[in-house]
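Me: I'd like to go through this model and ask what stands behind each label. Ready when you are.

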Amino acid sequence: MSGGSTTMKMLDMAITDLECRLGLKPGQGTGSGKGKQPKAKKNNNKNNNNNNNKDKNKNKNNGPSPEELAAQPEICKLQFKVGVITKVWNHPNADRLYCEEIDVGEETGPRQIASGLRPHFSLEEMMGQRLLVVANLKAKNLVKFKSHGMVLCAASKTDDGIETVEFVEPPEGASPGDTVSFEGLPQPIPLAASQVEKKKVFVNCLEGMVTDGEGIATWNGHRFEVKNSSGETQGYCRAKTICGGAMR
């Protein structure tokens with residue numbers, strides 16, 4: 001017992017000495033007591049706010065600003081992907097439509113797309129065709145078939161009204177999933193499909209989309225190109241023979 005009493009006296013003396021050094025009143029405590037909790041909570045809130053601000057800044061830095069999006073040329077708001085038809089069949093309820101599965105390099109697998117190309121190509125001509133897909137269009141139900149995008153073609157008409165249609169093909173060496181950029185324009189920042197539809201981006205681009213004198217796809221004179229991983233142009237996208245043809 002005497003040993004315990006001595007220990008308690010020594011502990012009381014140490015506490016009294018510490019209170020004197022810190023300028024505390026007897027029994028006030030050092031900040032670990034109940035009276036100091038609001039301050040700690042305030043600091044925690046401040047830290048949480050700082051973390052939230054960091055997260056907001058991080059998210060902001062990861063994406064384009066509204067000003068950057070607004071400054072983008074219309075064509076750069078669209079996404080064109082290199083694709084290849086891996087399966088094709090006649091739409092059972094529409095005489096002009098093909099149903100296609102197109103590999104555009106996505107992990108989810110081929111996209112299902114419907115195209116009004118039956119008057120222009122046979123099933124054999126469609127199968128294995130390399131092409132461009134407008135990839136950020138809102139999905140549409142075409143005679144009960146949900147189409148996730150659109151294939152890009154060039155068309156021309158003779159004076160007697162006969163129409164010729166050709167695929168706009170990517171350059172040799174381009175792989176499914178490669179994306180198109182536009183010579184002389186900034187790197188595309190594609191909009192979400194809902195925004196493309198709301199702002200009528202594709203419709204706004206149609207007037208400027210034509211093949212040039214070499215059959216190369218252009219928008220207001222800017223050629224469609226595919227670049228490699230080093231940023232060098234692999235080549236241009238073009239129709240086989242149609243020059244000065246509208247693209248759609």
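Me: How many bridges join S1 to strand S2, and what makes the two a pair?
Reply: Keep in mind that this is a predicted model. S1 and S2 (residues 98–103) are joined by 6 bridges and run antiparallel. Pairing asks for at least two bridges, so S1 and S2 count as paired. One of those links is between Val 88 and its bridge partner in S2, Glu 100.

Me: What is the strand order in the open sheet, and which strands stand at the edges?
Reply: The order is S3-S2-S1-S4-S7, 5 strands with antiparallel pairing. Strand S3 (111–115) and strand S7 (150–151) are the edges: each has a single partner strand, so one side of each lacks a neighbour in the sheet.

Me: Why is Ser 181 called buried?
Reply: Its relative accessible area is 6%. Buried means under 20%, so Ser 181 qualifies. Ser 181 sits in strand S10 (residues 180–182). Beyond residues up to four places away in sequence, Ser 181 touches Gln 187, Pro 188, Arg 223, Phe 224, Glu 225 and Lys 227.

Me: Phe 224 rings a bell. Which residues have the most contacts inside the largest nonpolar core?
Reply: Ile 75, Phe 80, Met 209 and Phe 224, in a core of 29 residues. Elements giving two or more residues to this core include strand S1 (80–90), S10 and strand S13 (222–227). The largest share, 3 residues, comes from H6.

Me: What is Ile 75 in contact with, leaving aside its neighbours within four places in sequence?
Reply: Phe 80, Phe 182, Leu 185, Cys 205, Met 209, Trp 219 and Phe 224. There is also a second, separate core, with 17 residues, among them Tyr 98, Ile 102, Ala 135 and Val 165.

Me: How do you know that Cys 99 and Cys 153 are buried?
Reply: Cys 99 has a relative accessible area of 0%, and Cys 153 comes in at 6%. The cut-off is under 20%, so both cysteines are buried.

Me: How many disulfides are there, and by what rule?
Reply: The count is 0. A disulfide needs a pair of cysteine sulfur atoms within 2.5 Å, so no pair here meets that rule.

Me: And for the chain as a whole, what share of residues is buried?
Reply: Of the 248 residues, 33% count as buried. The chain has 6 helices and 15 strands. The accessible surface is about 15,400 Å², and 50% of that belongs to carbon and sulfur atoms.

Terms used. Residues numbered from 1 in each chain as written. Predicted model: local features only at pLDDT ≥ 70, side-chain atom pairs only at ≥ 80, totals over all residues. Heavy atoms only, no water. Helix = DSSP H or I, 4+ residues; strand = E, 2+ residues; numbered from the N terminus. Buried < 20%, exposed > 50% of the residue type's maximum accessible area, 1.4 Å probe, protein only. Contact = heavy atoms within 4.5 Å. Core = buried A, V, L, I, M, F, W, Y, C linked by side-chain atoms within 4.5 Å. Areas by Shrake-Rupley, 256 points an atom, 1.4 Å probe, with all protein chains shown as cover.
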